[in-house]
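Q: Please take me through one part of this structure in close detail. Set the scene first, then zoom in, and keep it brisk.

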Amino acid sequence: MPNRKNIILIGFMGVGKGSVARELAKNSDYIAIDTDDLIESMENKKIKKVFKDEGEEYFRGLEKNLSLWLEKNVTNTLISTGGGFYKVENLKKIGTIVLLDSPFKDILKRIKKHTNAKSKLAKRPLLKDLEKAEELYEQRRPEYLALADVVIDVTDKSELECAKELLKKVKKYV
Ligand code: S3P
């Protein structure tokens, strides 16, 4: 049985999963956790360093272990995820899946308008080459859409607007 009470935020790097999750946590009773944050504390290393030292495959293994732990141990929680976490086999069993969606060019616009844009780009190894990142986006988007119970188009919306829309749309699932 899927644990519908968790909300899992999926979507491409930089689309605002973490920021929307924080806004949601402020405006609801949900506790927010983030898969990248959990992995960083488990490994005692930044994601960028995990990629550099151990490689992407190792990182994906950590995501898989974490997904099994989340399925077994976590409920009533808002879980924001890294952009590739959606590939874990048991995603649907962890909770209601919400996709934050936006065209690639708008995601880039969103990252670039941040005061700390440089560090937002630098901390994401898979955003180093923007052409490759766009290809990855094109490849992943249909997969994100196929998994999502709920889709929120975040383009030109504030984090608060997205959070409110999300709470309304997930009501029938949680
Ligand atoms: C990744 C996204 C990152 C992080 C890692 C890999 C991906 O998280 O998990 O760099 O494969 O899309 P964000 O989506 O929070 O940037």
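**Strand β4 in its setting**

A: Of the 174 residues in the protein chain, 46% are buried. The model is predicted, so read every value below as computed from a prediction. Start with the whole chain, then move to strand β4.

The protein chain holds 9 helices and 5 strands. Read from the N terminus, the elements go β-α-β-α-α-α-β-α-β-α-α-α-β-α. The radius of gyration is 15 Å, close to the 16 Å of the globule rule for 174 residues, so the chain is as compact as a globular protein of that length. Its C-alpha trace spans about 40 × 35 × 30 Å along the principal axes.

Contacts come next. Take those in the protein chain with a separation of 6 or more: 76% of them join residues 24 or more positions apart. The surface can be put in numbers too. About 9700 Å² is exposed, and 52% of that comes from carbon and sulfur atoms. The chain carries 35 positive and 28 negative charges, and the mean positions of the two sets lie 3 Å apart.

Now zoom in. Strand β4 covers residues 96–101. In β4, 6 of 6 residues are buried. The side chains split by direction: T96, V98 and L100 point one way. I97, L99 and D101 point the other way. All of these are buried, D101 included.

β4 has partners. With β1 it pairs in the parallel sense, over 4 bridges. I8 is the residue that stands opposite I97. β4 and β5 also run parallel, joined by 4 bridges. There, V98 has V150 of β5 as its bridge partner.

Follow the pairing outward through β1. Strand β1, residues 7–10, also pairs with β3, again parallel, over 3 bridges. I8 takes part here as well: its bridge partner in β3 is I79. I8 therefore has I97 opposite it in β4 as well as I79 in β3, which links two pairings through one residue. From β3, the next step is β2, residues 31–34. These two run parallel, with 4 bridges between them. D34 stands opposite S80 in that pairing.

β3 invites a comparison with β4. Strand β3 runs over residues 77–80 and is covered on both faces. T77 and I79 are buried on one side. L78 and S80 are buried on the other.

Take one residue of β4 for a closer look: L100. Its relative accessibility is 2%, so it counts as buried, since buried means under 20%. Setting aside neighbours within four places in sequence, L100 contacts L9, I10, G11, V15, G16, K17, V20, I152 and V154. Among these, L9 and I10 belong to β1. I152 belongs to β5. L100 and F12 are 88 residues apart in sequence, yet their C-alpha atoms are 7.9 Å apart.

F12 leads on to a helix. A133 sits in helix α8, residues 130–147. Beyond neighbours up to four places away, A133 touches F12, F104, L126 and L127. A133 has 0% relative accessibility and so is buried. A separation of 71 residues along the chain goes with a different distance here: the C-alpha atoms of A133 and L62 are 22 Å apart.

Last, two loops beside strands deserve a check. Most residues other than glycine have a negative phi. N76 has a positive phi of about 55° and is not a glycine. N76 lies in the loop between α4 (56–73) and β3. At 44% relative accessibility, it counts as partly exposed. D156 is another such case, with phi near 60°. Its loop runs between β5 (150–153) and α9 (159–170). D156 is exposed, at a relative accessible area of 74%.

To sum up β4: its 6 residues are buried, with parallel pairing to β1 and to β5.

Key
Residues numbered from 1 in each chain as written. Predicted model: local features only at pLDDT ≥ 70, side-chain atom pairs only at ≥ 80, totals over all residues. Heavy atoms only, no water. Rg over C-alpha atoms; globule rule 2.2 N^0.38 Å. Buried < 20%, exposed > 50% of the residue type's maximum accessible area, 1.4 Å probe, protein only. Contact = heavy atoms within 4.5 Å. Areas by Shrake-Rupley, 256 points an atom, 1.4 Å probe, with all protein chains shown as cover. Lys, Arg positive; Asp, Glu negative; His and termini not counted. Charge placed at Lys NZ, Arg CZ, Asp CG, Glu CD. Pairing = 2+ DSSP bridges.
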